[in-house]
Structures are given as C-alpha cells and as structure tokens.
Amino acid sequence: MTESYRHDGAPTEHPSEYPTTYPDGSGATGAWPPPPAHPPHTPRHRRRLRGPAGLLTAVAVAAAAIGGGTAYAFQELTGDGAGGSGSQVNGTTVAASSKGTVAGVAEAVGPSIVEIKAAGSSGQSTGSGVIISEDGEIVTNNHVVSGASQVQVTTSDGKTYSAEVVGTDSSKDLALIKAQGAKGLKAASLGDSDKVAVGDDVVAIGSPAGLTGTVTSGIVSALDRDVTVSRDESRGGSGQGGGREWPFEYGGEQFNGETGERTTTYQAIQTDASLNPGNSGGALINMDGQIIGINSAMYSAGSSQSQSSDAGSVGLGFAIPVNDLKADLDTLRSGSKR
C-alpha cells in the first residue's frame, strides 16, 4: 500500500498498482501517481482534452455554431425570421411571412387590381385592370375599353373613379386608362415574363361576372401559345354585368364568336388558373407578388363557333406576357391609339 492524498490534503490509502487499458485492448500496470504538487485548496487549471473526446467536443461546438447560422439563413429564405409580417420580399409588395402562399399574394396584390365598366354604343362590358402608378394609371385589355364612350373603375376599397382612355394598341390587345383625380393608389410590381417557366405556380385576380377581387390559382401550363384576337373596335365586349368572352382564335378554331377579318396574333402564357368573363385585363401573378401577364382570353367548353357566355372556365386561359406590356408602355402613355 502507498500513501496518496485527498483533495483536502489528508492522506489516504490505495493499492500501489492500478490497471491501465489502452484503445487497442492491451493492458499494463503501474504505480499510482504521486501526490498533487499544488498546495491544498489551490484551484486546478482545467486540462485540455486530448484524443477522441477532445475532438468530439470541438466538433460539437463547431456544429452548434454552424447550426445556428443555418437556422438563421433558413428563416431568412422562408420569411420566418425576426422580420415577421412587417418585412417585405425585395422588389415586391409581398410580406416575407406570406411569400409563396396564395393568401399572401392575394392580400398584397389585391389592392392593385380594379374592376372596369365600359359603356358605348354597342352596350356595356365589365373587365379588370392593373394599377401601375399611384396617380391612377391602369393597364387593361384593348377589347375591354374599345369603342367605349364612358369608362368607370372601382378599386378594391370600393372607391369609384371616372377614367379616360389614354392609349390603345389593338395589335397587342392592350390599353392604358387613367383614373381621374386618383392619388395614393397601390401600384403593382411588374415582373419578368422571360423568367416564367412551365409548372410555375400563379395567381389570377379579376372581376369575373362583376365579382370584384375574385382570386383563383393554378400553374403555368404552357408558354408561347399563338392566340389570335380581333382588331375591330366594333367587336368590343358587350353584354350586361359580366362581360362577354372576347372572341379569339386558338389552334385553328374560333371561340366565343367570329373574330372577323382584322385580327392580330400574340404569343400568350397559358394557365389553368380559372378565368371567366370579366377577368379580361386582370393580373396573372407569380408567387413573389409580381405581375407576369395580363389575362386576356379563355376557352369555354362548347363555345366554339358560338357566342355563348354561359360555359365556365375549363382551365384553359391565356395571358399577354408582361414584358410585351413593358415594351409598349411608352407608346401607350404617349396617347397613341392604334
């Protein structure tokens, strides 16, 4: 037996030999270590861990640091970070906490969509429009306002304004109108339709059948679909309340009536988001809350070679790419009517 010491400095007894086992399983014996060199009650310095235990501890610390950073980055990307609903997705009007949801897009972009009522010698039509400036510039389809002598717009908060037609382009089925006396309106954010891909989720907002602020959703079904529409102002939408479907040609057939001899063709975004009469001129929106198209035409089952407006959407709708609108804005603002 040999003498050793407790932490309080008192001697104790224990065997003079002790077993030692190594990582490879071999064993050895040796003498117990001598009494501690430091005086009693003197704090010992924490020894640095060596070998596997020390490595695991270091890895755990590093993982904790990386894990915290990863969690923060994930929150930033998903909008669940400290910013909450008060922060916005850069370049859009969508709250970060609602990014990627139909409800979030509808809440953010809904105030930028208006109902349009146009009256002329051929009757009255109802369509939709997209606010693009705080002072009342609104984009819609040419066929919504063509031939109209009076135009009225109603915003999502129920305010009504008289509007004048600033410029039209029948070759692209686009028109720009201006709400008189409007200020402080919520302008929509225009996206980039060249970045749209088949399968992208989209939201459509408009006033089908005069039901202001109706929201539907779907995907981009196809791109660059050739859609042919009339350039004849006398074929502007008529019919009370909901607005008749605009006659157009697609796939070699005419839908919703005869398009006539004066026509134009544009390449449209196809979507299965439900579109109905009155959606014309409304917005097709990506999940970042950006306008990627102006809804313009819909296929109705059984409406080929007819003027029926009774059939509902069957998931074949078409929108004018927003880049076509952006390229045409200066011409529309100049007052050109063609």
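# Exercises on burial, a barrel and a salt-bridge network

S207 counts as buried, because its relative accessibility is 1%, and buried here means under 20% relative accessible area, exposed over 50% and partly exposed in between (1.4 Å probe, protein chains only). The structure is a predicted model, in which local features need pLDDT of at least 70 and side-chain atom pairs count only at pLDDT 80 or more, whereas totals for chains, interfaces and linings use all residues. Residues are numbered from 1 along each chain as its sequence is written, and side-chain values use heavy atoms, with hydrogens and water left out.

## Exercise 1: confidence

Determine which stretches of the model have a pLDDT below 50, and how many contacts they have beyond near neighbours in sequence.

Solution. Begin with the whole chain: its average pLDDT, the predictor's confidence in each residue from 0 to 100, is 74, and 57% of the residues score at least 70. Next, take residues 20-26, where the pLDDT is below 50 and the model has 5 contacts beyond near neighbours in sequence, a contact being heavy atoms within 4.5 Å. Then take residues 55-87, also below 50, for which 12 such contacts are found. Where pLDDT is low, the predicted coordinates should not be read in detail.

## Exercise 2: the surroundings of S207

Locate S207 relative to the strands and list the residues that it contacts.

Solution. First place the residue: S207 sits in the loop that connects β12 (201-206) with β13 (214-230), where strands (E, at least two residues) and helices (H or I, at least four) are DSSP runs numbered from the N terminus. Then, setting aside neighbours within four places in sequence, read off the contacts of S207, which are V114, E115, T126, G127, S128, T212, G213, P277, G278 and N279.

## Exercise 3: the barrel and T154

Trace the strand order of the closed barrel, and work out which residue of β8 is the bridge partner of E115.

Solution. Strands of a sheet pair through backbone hydrogen bonds, either parallel or antiparallel. The barrel is closed, has 6 strands in the order β5-β6-β7-β10-β9-β8, and is paired antiparallel; two strands count as paired if DSSP finds at least two bridges between them. From one strand to the next, the twist averages 40 degrees, with axes taken as lines fitted to C-alpha atoms (for helices, over the stretch in contact) and angles running from 0 to 180 degrees between N-to-C directions. Turning to β5 (residues 113-120) and β8 (residues 148-154), one finds 6 bridges between these antiparallel strands. The partner of E115 in β8 is T154. T154 is buried, because its relative accessible area is 16%, and, not counting residues up to four places away in sequence, T154 touches V114, E115, K159 and T160.

## Exercise 4: the nonpolar cores

Identify the helix that gives the most residues to the largest nonpolar core.

Solution. A nonpolar core is a set of buried Ala, Val, Leu, Ile, Met, Phe, Trp, Tyr and Cys residues joined through side-chain atoms within 4.5 Å. The largest one has 28 residues, and V109, V130, V139, I291, I294 and L325 have the most contacts inside it. Helix α4 (residues 322-333) makes the greatest contribution, with 4 residues. As a worked case, the contacts of I294 beyond four places in sequence include V130, V139, L174, F318 and L325. Separate from this is a second core of 16 residues, among them I131, V153, Y161 and A179.

## Exercise 5: salt bridges around α4

Decide which residues are joined into one network by salt bridges that share partners.

Solution. Side chains of opposite charge can pair when their charged atoms come close. The criterion here is a side-chain nitrogen of Lys or Arg within 4 Å of a carboxyl oxygen of Asp or Glu, and the whole structure yields 4 such salt bridges. One of them pairs R333 with E137 (2.8 Å, N to O), linking helix α4 to strand β7 across 196 residues; E137 is buried at 15% relative accessible area, while R333, at 38%, is partly exposed. Another joins D169 to R338, whose closest N and O atoms are 3.2 Å apart, and this pair links strand β9 to the segment after α4. R338 also meets D328 (3.3 Å, N to O), a residue of helix α4. Shared partners therefore give a network of D169, D328 and R338. Within it, D169 is buried at 1% and D328 at 2%, whereas R338 is partly exposed at 45%.
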